[in-house]
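User: Got a new model up on screen. Can you walk me through it?

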Protein chains: 2
Amino acid sequence: MNAEGDAGTGPRAEAAADAVHRARAYLLGAAEPPAPALAAFVAGHGPMEAAERVRRGDVPERVAQETEARRDTDRSERDLARAAEAGYRLLTPEDDEWPAWPLLSLEVATGRGADGVAPPLGLWVRGTARLDESVDGAVAVVGARAATEYGEYTAAELAHGLVAEGVAVFSGAAYGIDGAAHRGALAAGGPTVAVLGCGLDAGYPAGHVGLLNRIADRGAVISEYPPGAPPARHRFLVRNRLLAALTAGTVVVEAGRRSGARNTSSTAGVLGKVVMAVPGPVGSATSVGCHELIREAYATLVGSVSDVLSTVGRLGDHGGEVTAPRPRRPTDELGPQALRVHEALGRRRGLSPEAVAEESGVPLARVRALLPELELSGLAERCETGWRLAAGVPDRVISPGSGTGTGENRPRTG
Amino acid sequence: MNAEGDAGTGPRAEAAADAVHRARAYLLGAAEPPAPALAAFVAGHGPMEAAERVRRGDVPERVAQETEARRDTDRSERDLARAAEAGYRLLTPEDDEWPAWPLLSLEVATGRGADGVAPPLGLWVRGTARLDESVDGAVAVVGARAATEYGEYTAAELAHGLVAEGVAVFSGAAYGIDGAAHRGALAAGGPTVAVLGCGLDAGYPAGHVGLLNRIADRGAVISEYPPGAPPARHRFLVRNRLLAALTAGTVVVEAGRRSGARNTSSTAGVLGKVVMAVPGPVGSATSVGCHELIREAYATLVGSVSDVLSTVGRLGDHGGEVTAPRPRRPTDELGPQALRVHEALGRRRGLSPEAVAEESGVPLARVRALLPELELSGLAERCETGWRLAAGVPDRVISPGSGTGTGENRPRTG
């Protein structure tokens, strides 16, 4: 790992930070995301050395393949100048504002061999909101472009209600459900964050340029694609991993039979995030995808803001982990429900979520949401028969019944 | 057990059958259903002896309590005469037409200590359909009286489609969803069966007298309450156990927040039957109960006839168990999916439905339906960690991959 970004303050530090940003801007343009080999190479050598070696072609075979087509085209100066002019900024892992903790899920999943979920090398950001703060317990609200009035109304209502409860709403700025979600969030005063599958200045979708301006005023518009990068079908799928990673859960409001909903849910599942779906009239073609997700247990049914909050654990059970230092004791960070779920797990035998719910007294929908969270924190693991304590983690760290040591009363840092 | 009904044919046999019917008619009027102590007493001593001893008061304490208020009022002659006049019949466990196999679930559950699910002592039947044949793979379609147009339309469409696929539709003849389900079934030519919480001649609900006539023409109207018994709120809840027991699964089409849907689903769950629920628009108060059932995993979401068929296992996986003799080998009766689920279970360690689905390759929704069926057949049991083979049942009776010995190609008896 590198410490190039930790150079303190002052003119020299600023120059160093600028150099890091130039290196990252170059790397972001040098490969089409997701670029797992390049991401690992940058993580191992730091952005300055990595950029220099990519330029020279002095890299391992797989990194060479990812960067072959674009490594000779360095647009970093141009991109940074365009961004500065338009009021955008480049956010990198070296910056305080980097949402390191939620993006860690991408690193963990990639490390486990999951495809297509490599972490981003940086994020172009336009807007007023601090990204590290916006992601805290945020929820993605997404769905079909060809939405019905019912779907758009429901998306807007959900987003409005979530923002009113202090939850930032992330979406993809597309027509239909995405746009309705952003509008509902804005109507409640924001914040809302749009994650794009193209450059921030691509003006896409054309009918949402005004909406994107309003989102930037009250939240943020972000993308890992350099300024000028045009939208492309595959980029929206790649973008979905960021929506999933940056939020605690994803709500699919309307989706057709062969929609991206399955992709969204499987990406979220790989990252250990909660997938939720809103039901609709059974005759509606745009609810079929949601009903499939629910029927096949890929998604939890949500019909209200409080359903969403309880599914992602915002009803008095979630601390502000995002900007906090990692806990010293593995279970220090857990809220009371997570703690009860953790305490219900055994060391060897896997338990079904139903059995964990019975044992812990925590509602099944919450158990389903908490188990992947515990897995991500390294406290639980899946096995053939269900869920158990992760190997190497002390069980029953806190005696049963104790309500101390939970995260929600911990003072916020940052 | 008794053999009073097995007296062959001829005038003497008819007289014996009449005597049994008189005894059962008396017993049906002697206690308010469900009467678990009386049911056990009748099962143990036979209806003739049981009726005689109830009359005399020569019964165990709990039977005495159940029959105390009514044992001196013998309306059996009057009830049988009224029934004969109106073209009803009394169906008893001694009759060939008695749906013994599905009603066995009530006996099993009562034997395990479940409350309020004692088997009926007989059933008054009005209609053309043979009840033992109607129950074969039947589905109950029920829901709110104060239904919406959407709910009634959906109930009618589902019922119509199920009947078109050869599945009889059972319901409760109430206003709203029940009536729509019966009408949809009738539009497809029937059969449909109404299970009432009052006497067959109570004329209730008043607006459905014509509908009940049409149901009797194409199916059956049944009740365990004697002719003249008025409807009562508690009788509808008691009636629900018969709807659950006589069908392979129950579909709740619309239900409010504090509706009978929870009661229906818990009764069906106790009996090892599948509970399904139809989603609707999230703003609709009459879909809230359905959404709760789905969200809390009490019910499987169904949005189409094929969803219902696959959930109850009618897509090439169900034999005609109803009138068949009990199988000699415990697994002889199983269809190929049930066999695969059975083969996936272990002897000690309980598996979650998810793990069973993965192991067997059978869809999760089907696994959830088949496990309680296997439990009811004594082939599987629940334990702390999930599902395993029942103690005492040989595992792997049929070698994995073998498709022989399944129920669906067995010739129908009766």
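Analyst: A term before we start: helices here are DSSP runs of H or I, at least four residues long, numbered from the N terminus. And keep in mind that this is a predicted model.

User: Fine. How many helices and strands in chain A?

Analyst: Chain A has 17 helices and 11 strands. Of its 414 residues, 55% are buried.

User: What share of the contacts in chain A comes from residues 24 or more positions apart?

Analyst: They account for 75%, counting contacts with a separation of 6 or more.

User: Let's look at α5 in chain A. Which of its residues are buried?

Analyst: A:S76, A:D79 and A:A83. Their arc around the axis is only 65 degrees, so they sit on the same side of α5(A).

User: What do those buried residues pack against?

Analyst: They pack against α1 (11-30) and β2 (123-127) of chain A.

User: And the other side of α5(A): which residues are exposed there?

Analyst: A:E77, A:A84 and A:E85.

User: What follows α5(A)?

Analyst: A:G87, with a positive phi near 80 degrees.

User: Switching topic. How does chain B sit relative to chain A?

Analyst: A turn of 180 degrees, with a shift of 0.0 Å along the axis, lays chain B on chain A with an RMSD of 0.1 Å. The two copies are therefore related as by a two-fold rotation axis. The same surface serves both: 100% of the contact residues of chain B recur in chain A.

User: Which residues touch the most other members of the largest nonpolar core?

Analyst: That core has 72 residues, and the ones you want are A:L131, A:F170, A:I222, B:L131, B:F170 and B:I222.

User: What does B:I222 contact, beyond its sequence neighbours?

Analyst: Leaving aside neighbours within four places, its contacts include B:W124, B:L131, B:V193, B:L200 and B:L246.

User: Any odd backbone spots? Where are the cis peptide bonds?

Analyst: One joins A:P33 and A:P34, with omega about -5 degrees. A:P34 lies in the loop between α1 and α2 (36-45) of chain A. Another joins B:G190 and B:P191, with omega about 0 degrees. B:P191 is in the loop between α9 (177-187) and β5 (192-195) of chain B.

User: What about positive phi outside glycine?

Analyst: B:A173 has a phi of about 65 degrees. B:A297 is another, near 65 degrees.

User: Is B:A173 buried or exposed?

Analyst: Buried, because its relative accessibility is 0%. B:A297, at 35%, counts as partly exposed.

User: Where is B:A297 found?

Analyst: In the loop between α13 (288-295) and β9 (300-301) of chain B.

Terms used: Residues are numbered from 1 along each chain as its sequence is written. Chains are lettered from A and ligands numbered from 1 in the order in which they are written. This is a predicted model: local features need pLDDT of at least 70, side-chain atom pairs count only at pLDDT 80 or more; totals for chains, interfaces and linings use all residues. Side-chain values use heavy atoms; hydrogens and water are left out. Buried means under 20% relative accessible area, exposed over 50%, partly exposed in between (1.4 Å probe, protein chains only). Helices (H or I, at least four residues) and strands (E, at least two) are DSSP runs, numbered from the N terminus. The arc is that of the directions from the helix axis to the C-beta atoms. Contact means heavy atoms within 4.5 Å. Copies are superposed by least squares on the C-alpha atoms of residues with pLDDT of at least 70 in both. A nonpolar core is a set of buried Ala, Val, Leu, Ile, Met, Phe, Trp, Tyr and Cys residues joined through side-chain atoms within 4.5 Å.
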